[in-house]
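Hello,

Here is the structure I promised to pass on. Please open it alongside this message; my notes follow below.

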Amino acid sequence: MSEQLTVSHGQIEPEIGLQIDPLCSLYAQVRPPAYNRYQTNELCKDELVDWLTFNGQQTMAGRIESCGTAFIHLIDSEGFERYNRLRCKNELCPVCGSKNSSVHKRRVGRALIRLLWNGLLGSFVFTLPAEISEARPSKDKINKLTKKAWQIVKKEFETPGGLSRVHLMGDKPEKLRIHINFLFPLLNADNRGMVPKEKIETVRNLWTATLNKSFNLDLKESNFKYGFADVPGKKVNKIKYVLRPIVTAQKFLTLSDDDRHYVLSLRKGHNTRWYGNLSNAKYKKYLNERGVDVNKLENEVDGLLSPVTGEKYRFLGIVQEKDLPRHNLRWLDGDTLVDFGTFAFLQQGETATHTKPLIKSKRKVLKKPSTLNPQLTIKF
Ligand SMILES: [Zn+2]
């Protein structure tokens, strides 16, 4: 007898006389195929690693494959320990590229330090016409466009600097949709972030002219979006959105081979760029002058400060996951382990003085756990 299944009224009816579990209903099959195929990170990772290996990207494939299998071992002057999982940090990695991954949180945390100090945060999204995205413009061309777009923002808005980040796909799979995002402290708008309509029109005209000149087009208008955030929660959401991966593994696997090679060709160099007083060379001085302790905040974001002593941890070595002394450790999250003493301290603060560190040393008076400036605390 044939083992073919026939479908009627949404039920699967086997011709072979077997009782099929009701979970195998037709409804499980109706999601878009692009998302249906990769139900777990592991399946996605396998397919990605295979494709990269067969397309001359063995090094990247190896890093993604071994992502998260080892830990950095850290210790403070009191003997309190911490293990931070080593991640490949590749945005195509299904783990590192996922929303709220430790890599994403760190990227967001560092950007918060540069962007959250001002009352208003402005945002722009300049979108390239669909046919231009599909023609796969060179990295050089995208870089030049990004610079021109920043000149427009800088000319029309009073801001000390900002960041740009180019996303290669929109919300939909299968197609390249290049858009350039900007975030910048906004100084010249009113307290609610409103800007005059004429200014928006001016920016639109300038962007249309830039596209026409760059690609020899005759567009009458262009696609861009202005927005702003005035409270920390909204600002954090904007920053998280802009700093998400430029292409996730799932979306990457929905692209054609040619588009995949194009995405890889754009990976060299930084995708996030900082401008003006917030540029890499200037931001520490600029923010320190405004009372932001940049070094301390960055060490906290990177997980390099002991919460017990408030000091920077010392690096002890790299430990494979199978060699971790797990019976002495507690998970803080999926990527971080600390000893019982640190864990208790984080839970109870100064009442945890009875808990000894694993490596004996003279205990000093415990300080309260160091915290980020409340305005800079990241909530996910
Ligand atoms: Zn990874």
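The buried residues of helix α7 pack against three elements: β5 (121–127), α6 (139–156) and β8 (223–229). Please keep in mind that this is a predicted model.

I will stay with α7 for a moment. Its buried residues include V203, W207 and L211. Viewed down the helix axis, the buried residues of α7 fall within an arc of 70°, so they line one face of the helix. An α-helix has 3.6 residues a turn, so residues three or four places apart point the same way. On the other side of α7, E198, E201 and K213 are exposed. The length of the helix can be checked as well. Helix α7 covers residues 197–215, and at 1.5 Å a residue its 19 residues should span 27 Å; the end C-alpha atoms are 27 Å apart, which agrees. Just after α7 comes N216, which takes a positive phi of about 55°.

Next, the sheet that α7 packs on through β5 and β8. This is an open sheet of five strands in the order β8-β5-β7-β6-β9, and the pairing is antiparallel. Its edge strands, each pairing on one side only, are β8 and β9 (272–276). On average, and ignoring direction, neighbouring strands of this sheet are turned by 20° against each other.

How much of β5 is buried? Six of its seven residues are, so β5 is largely enclosed by the rest of the structure. On one pairing, β5 and strand β7 (residues 179–185) are antiparallel over seven bridges; on another, β5 and β8 are antiparallel, also over seven bridges. T127 can be followed into both partners: its bridge partner in β7 is H179, and its bridge partner in β8 is N223. Further along the sheet, strand β6 (residues 161–167) and β9 run antiparallel and are joined by five bridges. There, R165 has T272 in β9 as its bridge partner.

Helix α8 (residues 232–242) lies across β5, β6, β7 and β8 of this sheet, and runs at about 145° to β7. This leads to the nonpolar core. The largest one has 60 residues, of which A149 and I239 touch the most other members. The element that gives the most to this core is helix α4 (residues 102–115), with six residues. Leaving out residues up to four places away in sequence, I239 touches V108, A111, L112, L115 and L183. In soluble globular proteins, nonpolar side chains tend to be buried together.

There is another open sheet of five strands, in the order β10-β3-β4-β12-β11, again with antiparallel pairing. Its edge strands are β10 (314–320) and β11 (329–333), and each pairs on one side only. Neighbouring strands here are turned by 25° against each other on average, direction ignored. Within this sheet, strand β4 (residues 81–85) and strand β12 (residues 336–339) run antiparallel and are joined by three bridges. R82 stands opposite V338 of β12. Helix α13 (residues 340–348) packs on the sheet and touches β4, β11 and β12; its direction makes about 95° with that of β12.

One loop residue is also worth listing. K268 is found between α10 (257–265) and β9. Is K268 buried or exposed? It has 8 C-beta neighbours inside 10 Å, and a residue counts as exposed at 12 or fewer, so K268 is exposed. Its C-alpha atom is separated by 9.3 Å from that of K139, although the two residues are 129 residues apart along the chain.

Finally, some totals. The chain has 13 helices and twelve strands. Of its 380 residues, 30% are buried. Among the contacts in the chain with a separation of 6 or more, 67% are between residues 24 or more positions apart.

Regards

Conventions: Residues numbered from 1 in each chain as written. Predicted model: local features only at pLDDT ≥ 70, side-chain atom pairs only at ≥ 80, totals over all residues. Core = buried A, V, L, I, M, F, W, Y, C linked by C-beta atoms within 7 Å. Buried ≥ 20, exposed ≤ 12 C-beta atoms within 10 Å, placed from the backbone. Helix = DSSP H or I, 4+ residues; strand = E, 2+ residues; numbered from the N terminus. Contact = placed C-beta atoms within 7 Å. Expected span 1.5 Å × (residues − 1). Arc of directions from axis to C-beta. Pairing = 2+ DSSP bridges. Axes fitted to C-alpha atoms, helices over the stretch in contact; angles between N-to-C directions.
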